[in-house]
Structure formats: C-alpha cells, structure tokens
Amino acid sequence: MKKLIFLLFISLSLAQCIAIKSTTTTTPINSLPNNFQQINPTKLVVGIVIDQMRYDYLIKFYDKYGEGGFKKLMNEGYNLENVHFNYIPTYTAVGHTSIYTGATPATHGIISNNWYDKFSKKYIYCADDDRYSTVGAKYGGNKSPQRILTTTITDQLRLSQNMKGKTIGIAIKDRAAILPAGHTATAAYWFEGNNEGKFITSTFYMNELPSWVIAFNNSGKANTYLNETWNTYYDISTYTESLADNNPYEGLFKGKDTPTFPYNLAKLRKLNNNYDLLKAVPQGNSITTDFAEAAIISENLGKTEFTDFITISYSSTDYVGHLFGPNAIELEDTYIRLDRELEKLLNFLDSHVGKNNYTLFLTADHAVVPVPAYLNSLKIPGGYFDSKGFEKFVNEITLEYFNSNELVENISNYQIFLNKEKIKSLNLNVHNVSQIIADEIINFDKVYKTVTAHTLQTTSFTSGILQTIQNGYNQKLSGDILFSLEPSTIRHSKKGTSHGSGYNYDTHVPLIFYGNRIQKGKSNKYYPITSIAPTLAHFLHITEPSGSTDNLIYEVLK
C-alpha cells in the first residue's frame with residue numbers, strides 16, 4: 001500500500017513538473033514579470049557624439065543655450081556629470097570606437113587615428129581598406145570598419161534581431177561615421193570636401209548611393225551654407241565667457257589677417273579648399289543635422305517592428321576647437337549654434353518618430369586642453385613638445401649604450417617601435433634595450449612618464465596615468481616603449497590647441513541619456529566612457545559587445 005501511494009505521488013509530481021514546463025515555454029514575453037519584459041520598446045536609438053566637447057561647456061555656456069537643446073537634455077534626461085575616458089590616447093577614432101564597443105584600445109584594436117604598423121612597416125589609417133572603393137565621388141571612400149577587432153553595440157542590436165532593423169552612421173569625418181556603425185551597418189555616410197561637397201560611402205556598404213542621398217547632394221545645401229557669412233548668434237559684446245575676439249592664441253583661416261568676426265565664407269572657401277571649409281565652421285554641424293533627418297525619413301527609421309540605430313557625430317566642433325582653442329568666441333558661438341541644431345533634431349524626433357519611441361544618448365569622443373601659450377601667460381605650467389629634438393635624443397641614447405643608431409624603427413603617437421631584426425643581429429636583449437631607452441627618455445624636456453611594453457604585460461596598474469597608458473596599450477599593435485608628456489603639453493603650433501592625453505582636461509566629457517524609459521535625474525558618480533555600450537545592451541535586452549568589460553550605469557537602468 002505504501003509503495004502504491006509513493007508511486008502515485010511520483011506520478012502527480014511529474015505531471016505537475018510537465019505542466020509547469022509547458023506553461024513556461026509557451027508564456028508570451030508580455031506575460032513575463034516586469035523585470036524581464038521590455039515595456040514600451042524603443043523603436044530608434046540615437047547616438048550623438050560631439051567631437052572635442054569638454055564637460056564644462058554644458059555649464060560655461062548654459063545661459064546662452066535655448067530651452068530646447070542642451071538644457072532640455074540636461075533637465076529632462078539623466079545627466080552623468082563625472083564621465084571620463086580611461087585610456088590614452090584620447091583621439092577621435094579611439095573615442096568613437098570605445099564608446100560603441102565598451103572596450104579600450106587594449107581590446108578593440110583602434111589605437112589611434114593613424115598609427116605605425118610594425119608588420120607592414122608603414123603608417124595605416126583606422127578606417128582605410130583598399131579592398132573597397134568610393135561610392136558617390138571620385139575618391140575618399142576606400143574605407144571599412146574592419147580594423148575594429150570586437151563587435152559594437154550597433155552590431156549586437158542587429159545580431160539580436162537576425163539582421164533586421166537598420167543601423168546608419170553619419171558624420172562629417174569618415175571615421176566618426178564608420179566606426180560607431182560597426183561591422184554590420186546598413187550604411188555609413190561621411191562628407192567629402194575639397195571640390196566634391198557631397199556625402200559619400202564605400203562599396204563595403206553598397207555599390208551605389210540611394211536616390212535620397214543623391215537628391216540631398218544635388219539639393220545645393222552645401223553650397224548654400226558656404227555662401228553665408230558666419231557672424232555671432234548674439235551681439236558679440238555679450239560673449240563674456242570667452243577671451244577677446246582678437247587675441248594671440250587663435251589660429252587663422254587662409255585669407256584672414258586676424259581671427260575675428262565676421263567670416264565671409266563665400267570668399268574664404270576659395271583659399272581654404274572649397275568645401276573643406278564647411279567642415280571647420282558651424283554650418284558643418286547644420287548640414288549633418290539636415291542629412292540625419294533625411295536619413296531617418298528616407299530609411300523609415302523608428303517606424304517598423306524592429307529597433308533601428310542611427311549614430312550621429314558632430315565633427316565641426318573639433319575643427320573649430322583645434323584652430324581657435326576652447327576660450328575663443330568662435331568656439332562659444334559654435335556651441336550656441338550647435339544647441340539650436342540639437343533643438344531642431346529633438347523636435348524632429350518628437351514629431352516624426354514620436355516622443356515615446358526613441359532613446360538618445362549624447363557624449364563626446366574626447367575633450368581638449370586650453371591653449372598652452374595662454375596658460376603660460378597666466379603662469380600656469382604647460383608647453384610644447386619638440387618631436388624632432390626627441391628623435392635625435394633617442395638616437396643619441398642608442399649610440400651611447402649600444403653603438404648603433406639603427407635600433408629604433410619608428411617614433412609616433414608617443415610610442416617607440418624598435419627594430420627587432422637589428423637588435424637580434426647585434427645579439428642584444430630587446431627587453432634590456434627597451435628599459436634603458438625608457439629610463440633615459442624621462443630626462444627629455446616635457447616627458448613625464450615612461451614605461452616599456454614588457455612592464456605593461458607583467459604589471460597591473462590600478463590608477464593614474466600609467467593605468468590609462470595600459471588601457472590604451474595593445475600587445476599586438478602598440479610599440480615597445482610608451483611615454484606621456486607633462487600636463488598641458490602638446491605637439492602643436494602655439495596658436496590653437498590639441499588633445500590626446502589622459503589628464504582631466506582631455507578625459508572629462510558629458511554623458512546624457514534621454515527619451516523613452518529614461519528617468520530624469522543626475523549623478524556625479526565616476527563612470528568610464530566604456531560603460532555606455534554595456535548599459536545600452538542591458539537597456540535593450542541584448543548581449544553586450546564582445547570586448548565589453550566595464551560596469552553598468554545602474555542609475556540609467558532604474
């Protein structure tokens with residue numbers, strides 16, 4: 001009798017388990033608990049990267065902004081106030097790739113904009129790919145994202161939907177359009193200047209431009225913008241956040257005797273490579289917005305059952321920043337005008353895609369240092385690095401210690417590549433040569449930190465500049481000795497400025513999430529820039545990019 005009762009109990013238990021299993025496997029997603037389901041799924045993700053935007057531009061120019069651009073994002077979105085790049089070098093290609101892969105150069109493989117390739121013994125560009133050719137112009141399109149070694153968040157979204165949904169990258173710069181859109185992009189478009197004045201692409205994506213791109217290029221917008229005069233948006237006397245309009249720290253367009261308003265673009269274009277001038281004035285941001293809106297309409301983004309992704313990079317801010325510096329009225333006016341472009345874009349998204357149908361993030365690919373000559377005038381340390389003098393100094397070291405000036409193959413991107421074959425032929429130890437050079441170059445003016453590749457492979461740095469160097473070091477691609485300069489020291493002329501370091505002025509950038517399922521709020525908690533991609537992955541309920549390793553921004557996910 002007991003045996004019979006036991007068998008009945010087992011049978012009932014098995015039947016219950018089968019019923020539970022059957023129920024579990026057939027439950028639709030909208031019946032899952034709230035923490036598993038995607039309420040109000042986002043139909044369009046908009047990634048905005050502003051080239052060379054310091055975080056403090058949000059605050060410095062706040063009173064000059066309108067209500068519908070930066071202010072709207074800050075006040076109605078989630079504003080992360082303490083986001084930093086966590087590697088060196090802080091350059092455009094590296095920044096865009098790190099944002100969208102959630103990884104640093106140590107993993108994703110984009111170690112600079114251009115770098116010395118120790119295998120082919122030549123310089124290579126981050127997006128060049130001779131297997132492909134230009135679509136839409138005579139040149140400028142032999143490009144692809146193939147140097148990225150990992151997937152991007154844009155790749156992961158397409159993979160999660162079995163390649164349904166679209167991803168489109170848009171920018172003035174080719175690398176800023178190509179790298180964010182990833183390997184699986186539907187398209188990437190960038191602006192070819194000189195005498196072309198068109199948005200173009202590569203045969204990596206397609207064999208001919210869509211009709212809407214041809215129509216846009218034929219609309220004459222680029223020409224119209226370059227027939228304008230660039231004057232300040234407000235009365236120039238109100239630009240009290242910047243230095244005087246005519247100061248000794250700003251560069252010049254060809255054809256200008258002083259760096260002062262107004263700028264007659266129709267006249268200047270003749271001396272500044274025609275349509276290339278559009279890249280370096282606020283109107284370059286305007287045509288980027290125009291093209292992005294045309295893409296959203298023509299490609300039906302955000303209008304299907306699948307989630308689309310558009311990446312938009314505003315590149316003109318970088319050109320203006322390099323030429324004039326962060327304390328110039330030209331730079332301030334560029335951001336005042338960019339604010340109006342963002343308002344225009346947000347209004348368009350609200351009306352065309354729908355307020356509850358898109359999710360947006362805004363950040364920057366790097367920031368920038370104030371003009372060192374200006375800092376010096378205020379008795380703040382900073383300066384300029386003598387690259388040619390440094391090369392001579394390194395050769396003197398190898399002659400003194402090893403009786404050869406052929407041990408160094410290349411010096412670039414604050415890295416030294418050794419000639420391994422020559423070192424081997426002299427029966428020298430490469431680690432010993434590397435360490436001696438690293439120990440000696442610290443004595444060169446403006447060099448502040450040095451480290452060998454061997455040390456980076458055998459030591460884990462947990463803070464400071466050496467940690468950022470390590471995060472930017474790729475064992476397969478990087479050099480044998482890496483070094484960084486003193487704060488506020490750059491390789492550049494004494495007019496205008498540059499970036500690339502691991503100091504706060506280059507690493508601290510804005511990050512704002514806005515739109516569908518994003519709560520209002522702000523946080524001053526530190527986050528590395530590589531937190532964006534994994535956070536988006538969890539937000540979208542998809543797999544993180546293959547190289548992504550950093551923590552999520554939980555405040556956004558709440």
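**Exercise 1. Work out the character of the largest pocket and find out which elements build its wall.**

Solution. Start with the make-up of the lining: it splits into 10 nonpolar, 13 polar and 6 charged residues. Keep in mind that you're looking at a predicted model.

Next, the space itself. The largest pocket holds about 560 Å³, and 29 residues line it. Nearest its centre you'll find Tyr91, Tyr414, Ser498, His499 and Gly500.

Now for the secondary structure. Helix 13 (316-324), strand 17 (481-485), strand 18 and helix 21 each put at least two residues into the lining. Strand 17 is the top contributor, with 3 residues.

**Exercise 2. Take Ser498, one of the residues nearest the centre of that pocket, and describe its surroundings.**

Solution. First, place it: Ser498 sits in the loop that runs between strand 18 (489-490) and helix 21 (504-507).

Second, is Ser498 buried or exposed? Its relative accessible area is 14%, and the cut-off for buried is under 20%, so Ser498 is buried.

Third, list the neighbours. Leaving aside residues up to four places away in sequence, Ser498 touches His322, Val368, Val369, Ile490, His492 and Asp506. Two of these can be tied to elements already mentioned: Ile490 falls in strand 18 (489-490), and Asp506 falls in helix 21 (504-507).

**Exercise 3. Look at the salt bridge between Lys166 and Glu299, and say which parts of the chain it ties together.**

Solution. Some background helps here: side chains of opposite charge can pair when their charged atoms come close. In this model, the count comes to 20 salt bridges.

For Lys166 and Glu299, the closest N and O atoms are 2.8 Å apart. The cut-off is 4 Å, so this pair makes the list.

Then check where the partners live. Lys166 is in the loop between helix 6 (153-160) and strand 6 (167-171), while Glu299 is in the loop between helix 12 (283-298) and strand 11 (308-314), so the bridge ties together parts 133 residues apart in sequence.

Finally, compare the accessibility. Lys166 is partly exposed at 28%, whereas Glu299 is buried at 13%.

**Exercise 4. Trace the salt-bridge network that contains Lys221, Asp290, Glu293 and Lys344.**

Solution. Go pair by pair. Lys221 bridges to Asp290, with the closest N and O atoms 3.8 Å apart. Lys221 belongs to helix 9 (residues 221-225) and Asp290 to helix 12, so this pair ties together parts 69 residues apart in sequence. Lys221 is partly exposed at 34% relative accessibility, but Asp290 is buried at 10%.

Now the next pair. Lys344 bridges to Glu293, and here the closest N and O atoms are 3.0 Å apart. This pair also links distant parts of the chain: Lys344 is in helix 14 (residues 329-354) and Glu293 in helix 12, 51 residues apart. Lys344 is partly exposed, with a relative accessible area of 34%, and Glu293 is buried at 12%.

Put the pieces together: salt bridges with shared partners join Lys221, Asp290, Glu293 and Lys344 into one network.

**Exercise 5. Check whether the length of helix 14 agrees with its residue count, and say how covered the helix is.**

Solution. Helix 14 has 26 residues, so at 1.5 Å a residue it should span 38 Å. That figure comes from multiplying by one less than the number of residues. The end C-alpha atoms are 36 Å apart, which agrees.

As for cover, 19 of the 26 residues are buried, so the helix is mostly covered.

Key: Residues numbered from 1 in each chain as written. Predicted model: local features only at pLDDT ≥ 70, side-chain atom pairs only at ≥ 80, totals over all residues. Heavy atoms only, no water. Helix = DSSP H or I, 4+ residues; strand = E, 2+ residues; numbered from the N terminus. Buried < 20%, exposed > 50% of the residue type's maximum accessible area, 1.4 Å probe, protein only. Contact = heavy atoms within 4.5 Å. Salt bridge = Lys/Arg side-chain N within 4 Å of Asp/Glu carboxyl O. 1 Å grid on protein atoms, 1.4 Å probe; cavity = no way out; pocket = protein on both sides within 12 Å on 5 of 7 lines; lining within 4 Å. Points joined across faces, edges and corners; volume = space filled by probe spheres on them. Nonpolar A, V, L, I, M, F, W, Y, C, P; charged D, E, K, R; others polar.
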